[in-house]
Amino acid sequence: MPVIHATDNSFEKDVLKADKPVVVDFWAEWCTPCKMIAPILDEIAADHDGKIRLAKVNVDDNPSLARDFDVMSIPTLIVFQDGVPKRRLIGAKGKPQLLEELAEFL
């Protein structure tokens, strides 16, 4: 399943109304830690296709979403399940740590 590029206009449909957990990656082009974590998230999403989805929100293009979910630093990952934020992870992490943090959703 391809990565969702969620925006102010598509967030409700793509994330809040999704039928499976969605890991939302709040990021920006200029953020080096965001670039480091991106391929790891892509790999996790591919490995667990059918169980979770991955959505990316560019905070520069969608500042109201970042504000709505109190994203103060990036990368911030928020796992939404049934339209509700269930877990928040801040900062770049390696694959083993991310898998551990996301285990209940996988």
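# Exercises on a Predicted Model

The largest nonpolar core of this predicted model has 22 residues, and those with the most contacts inside it are Phe11, Val15, Val24, Phe26, Phe69 and Ile74.

## Exercise 1: The cores

Determine which elements give two or more residues to the largest nonpolar core, and which residues Val15 touches.

Solution.

Step 1. The elements that give two or more residues to this core are α1 (11–16), β2 (22–27), β3 (53–58), α3 (63–68) and β4 (76–81). The largest share, four residues, comes from β2.

Step 2. Val15 is among the residues with the most contacts inside the core. When residues up to four places away in sequence are not counted, Val15 touches Ala6, Ser10, Val22, Val24, Ala55 and Phe80.

Step 3. Another core, of 13 residues, lies apart from the largest one; Ile44, Ile52, Leu102 and Phe105 are among its members.

## Exercise 2: The chain as a whole

State what pattern the protein chain follows along the sequence, and explain why the chain counts as being as compact as a globular protein of its length.

Solution.

Step 1. The protein chain contains four helices and five strands. Along the sequence they follow the pattern β-α-β-α-β-α-β-β-α.

Step 2. The globule rule gives 13 Å for 106 residues, and the radius of gyration of the protein chain is 12 Å, close to that value; the chain is therefore as compact as a globular protein of that length.

Step 3. Taken along the principal axes, the box filled by the C-alpha atoms is roughly 30 × 30 × 20 Å. Of the 106 residues, 45% count as buried.

Step 4. Among contacts with a separation of 6 or more, 69% are accounted for by residues 24 or more positions apart.

Step 5. The accessible surface comes to about 5,700 Å², and 51% of this belongs to carbon and sulfur atoms. As for charge, the protein chain has 13 positive and 18 negative charges, whose mean positions are 2 Å apart.

## Exercise 3: Buried or exposed?

Classify His48, Pro39 and Asp82 as buried, partly exposed or exposed.

Solution.

Step 1. The cut-offs are under 20% relative accessible area for buried and over 50% for exposed, with partly exposed in between.

Step 2. His48 is found in the loop between α2 (32–47) and β3. Its relative accessibility is 17%, so His48 counts as buried. Not counting residues up to four places away in sequence, His48 touches Leu99 and Leu106.

Step 3. Pro39 is found in helix α2. The relative accessibility of Pro39 is 48%, so this residue counts as partly exposed. Pro39 and Lys56 are 17 residues apart along the chain, and their C-alpha atoms are separated by 12 Å.

Step 4. Asp82 is found in the loop between β4 and β5 (84–90). At 67% relative accessibility, Asp82 counts as exposed.

## Exercise 4: The backbone in two loops

Identify which residues a cis peptide bond joins, and give the value of phi for Asp70 and for Asp82.

Solution.

Step 1. The cis peptide bond joins Ile74 and Pro75, with omega about 0°. Pro75 is found in the loop between α3 and β4, while Ile74 is among the residues with the most contacts inside the largest nonpolar core.

Step 2. Asp70 also lies in the loop between α3 and β4. Phi of Asp70 is near 50°, a positive value in a residue other than glycine.

Step 3. In the loop between β4 and β5, phi of Asp82 is near 55°, again a positive value in a residue other than glycine.

Note on methods:
Residues are numbered from 1 along each chain as its sequence is written. This is a predicted model: local features need pLDDT of at least 70, side-chain atom pairs count only at pLDDT 80 or more; totals for chains, interfaces and linings use all residues. Side-chain values use heavy atoms; hydrogens and water are left out. A nonpolar core is a set of buried Ala, Val, Leu, Ile, Met, Phe, Trp, Tyr and Cys residues joined through side-chain atoms within 4.5 Å. Buried means under 20% relative accessible area, exposed over 50%, partly exposed in between (1.4 Å probe, protein chains only). Contact means heavy atoms within 4.5 Å. The radius of gyration is taken over C-alpha atoms; the globule rule is 2.2 Å times the number of residues to the power 0.38. Accessible areas come from the Shrake-Rupley method with a 1.4 Å probe; for residues, only the protein chains shown count as cover. Lys and Arg count as positive and Asp and Glu as negative; His and the chain ends are not counted. The place of a charge is taken as NZ of Lys, CZ of Arg, CG of Asp or CD of Glu.
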